[in-house]
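Hi,

Here's the structure I promised to pass on. Have a look at it first, and then read on for what turned up.

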Amino acid sequence: MTHDSKLREQAYEAVNNHHSDIKNDPYYPSYHLAPPVGLLNDPNGWIQWKGKYHLFFQWMPFHTGHGAKFWGHFSTTNLVDWSLEPIALTPGDWFDQNGCYSGSAVDDDGLLKLFYTGNVKDESGQRESYQCLAESADGITFSKKGVKLELPEGYTPHFRDPKVWFHNGLWYMVIGAQTEDEVGSVALFESEDLESWTHRGMIAKADRPPFSDLGYMWECPDLFELDGQEVLLFSPQGLEADGIDFNNQYQSGYVVGRLDYEKAELSHNRFMEIDRGFEFYAPQTTLDDLGRRILIGWMGVPDQNEAEQPTVKNGWIHQMTLPRELVLIDGRIHQLPLEEMKNLRASKRFCEDVKGEWSGSISRVSELQLEGEMEEVQLFDYTTLRYDRQTSLLTMERPSYVDGSMETRSCRLPKGLRHLQLFIDHSSLEVFVNHGEEVFTSRIFAKEDNRSLQVKGELNVQAWDLKNDTIDITSQGW
């Protein structure tokens, strides 16, 4: 048996032995993607290919910590009902033996090609980094083609997460990097054939204007066009908290500008956080057949008290966000729930006009929409959204799952608060503010039997019960 086959067999055995118990965890999601067992993190290879959407993911099937990652694989035709596919990549070769790290997918003349970072460490923990290729004709079985790009001069081995796209007859790749002076950056490469790559230069750097010190490492870059401008999406590490900004361990955000492909220069504006919640990192986008730029993020943050999450004792941790459409309005990204998310609705629970204070009961698998003058929304006696008209601050508050102390995340709404759309899935909450002007993504570990909802203000509130089981883990007989 090959090393690859042995790793697959062990992972499948872990799913078979533990998934049924994990699915009975009251915090396990009903319509968000989560690991069948173990740990899930970055979305990878997010693409629509031959009429089907494919989402690969960083996966550690053997425990709830990080380590030598696999690429797991989900697919869907309608963005609501998903199936777990066979494992795409295992850390089974010399160039990826310590992890098949994050990357992206492209369609090359009918072949689905995955670019990813092969992580290698020696006995003393010294890291090597290789950019690797795997390909498939059927979208299910992948053949590794080995190393296509080695570490160029000027960077440390913290050099990973290739995102590849096609532009004006050539292929391009951005890679998240750390320079030898330990400054975060993004490197740009160019290729005619996806085989040989030329380093065009560093298109953005943490100490290059308009930045002065935007972190020591940038992960998961994604460069794409939106409304005639280029957006660079990335996840910098090493930012200090600044008032209501940068309060997670690591951040995710973007700059908007213009990439000069000839000069390999990106002119851009300031860095803006893309999500204001407690758990959000490493987002990746794709362009679908309808022309929509669709984002999925990891509902987690590395090194942010992961071992303290209450699902760890049940053998799993983390999940993905819902897919979101991106639009650019006045130089800022707005994120919208996809139209397909309406197909999650199973039944309408209520529609109430509220003046003052109101209490009700909702499912732990729900969608809420609130419109009007909102002051406060409280879910399950656990999470509170509170709007202060004097300061224009919307604040989310919850108890820390580490020590129970109250913690907050906030955003400023200069034009006021007029609409909220909430997606609740047992232990997760996604809040779309003013039709995507801001988003809060967070885990909520409320008592499992609590169904309470309290609202305050003068508003209309609607609730839908959502479908309970849209993720098929058993289609492969695991």
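A quick definition to start with: a salt bridge here is a side-chain nitrogen of Lys or Arg within 4 Å of a carboxyl oxygen of Asp or Glu. Keep in mind that this is a predicted model. A search of the whole structure turns up 29 salt bridges.

One of them pairs aspartate 108 with lysine 113, with the closest N and O atoms 2.8 Å apart. Both aspartate 108 and lysine 113 are buried. Lysine 113 also forms a salt bridge with glutamate 135, where the closest N and O atoms are 3.8 Å apart. That second pair links distant parts of the chain, as lysine 113 sits in strand S6 and glutamate 135 in strand S7, 22 residues apart. Lysine 113 counts as buried because its relative accessibility is 7%, and glutamate 135 is buried too, at 19% relative accessible area.

Then there's arginine 386, whose side chain meets that of glutamate 376 in a salt bridge (3.0 Å, N to O). Arginine 386 is in strand S25 and glutamate 376 in strand S24, so the pair ties together parts 10 residues apart in sequence. Arginine 386 is partly exposed at 34%, and so is glutamate 376 at 21%. Elsewhere, Asp93, Asp96 and Lys144 are joined into one network by salt bridges that share partners.

On the surface, Asp122, Glu123, Glu128 and Glu150 form a negative patch. Aspartate 122 is in the loop between strands S6 and S7.

Last one: glycine 176, in strand S10, is buried with a relative accessible area of 0%. Its contacts beyond four places in sequence include Trp218 and Pro221.

Cheers

Note on methods: Residues are numbered from 1 along each chain as its sequence is written. This is a predicted model: local features need pLDDT of at least 70, side-chain atom pairs count only at pLDDT 80 or more; totals for chains, interfaces and linings use all residues. Side-chain values use heavy atoms; hydrogens and water are left out. Patches are made of residues with over 30% relative accessible area and no salt bridge: like charges are joined within 9 Å, nonpolar side chains (Val, Leu, Ile, Met, Phe, Trp, Tyr) within 5 Å. Accessible areas come from the Shrake-Rupley method with a 1.4 Å probe; for residues, only the protein chains shown count as cover. Lys and Arg count as positive and Asp and Glu as negative; His and the chain ends are not counted. The place of a charge is taken as NZ of Lys, CZ of Arg, CG of Asp or CD of Glu. Helices (H or I, at least four residues) and strands (E, at least two) are DSSP runs, numbered from the N terminus. Buried means under 20% relative accessible area, exposed over 50%, partly exposed in between (1.4 Å probe, protein chains only). Contact means heavy atoms within 4.5 Å.
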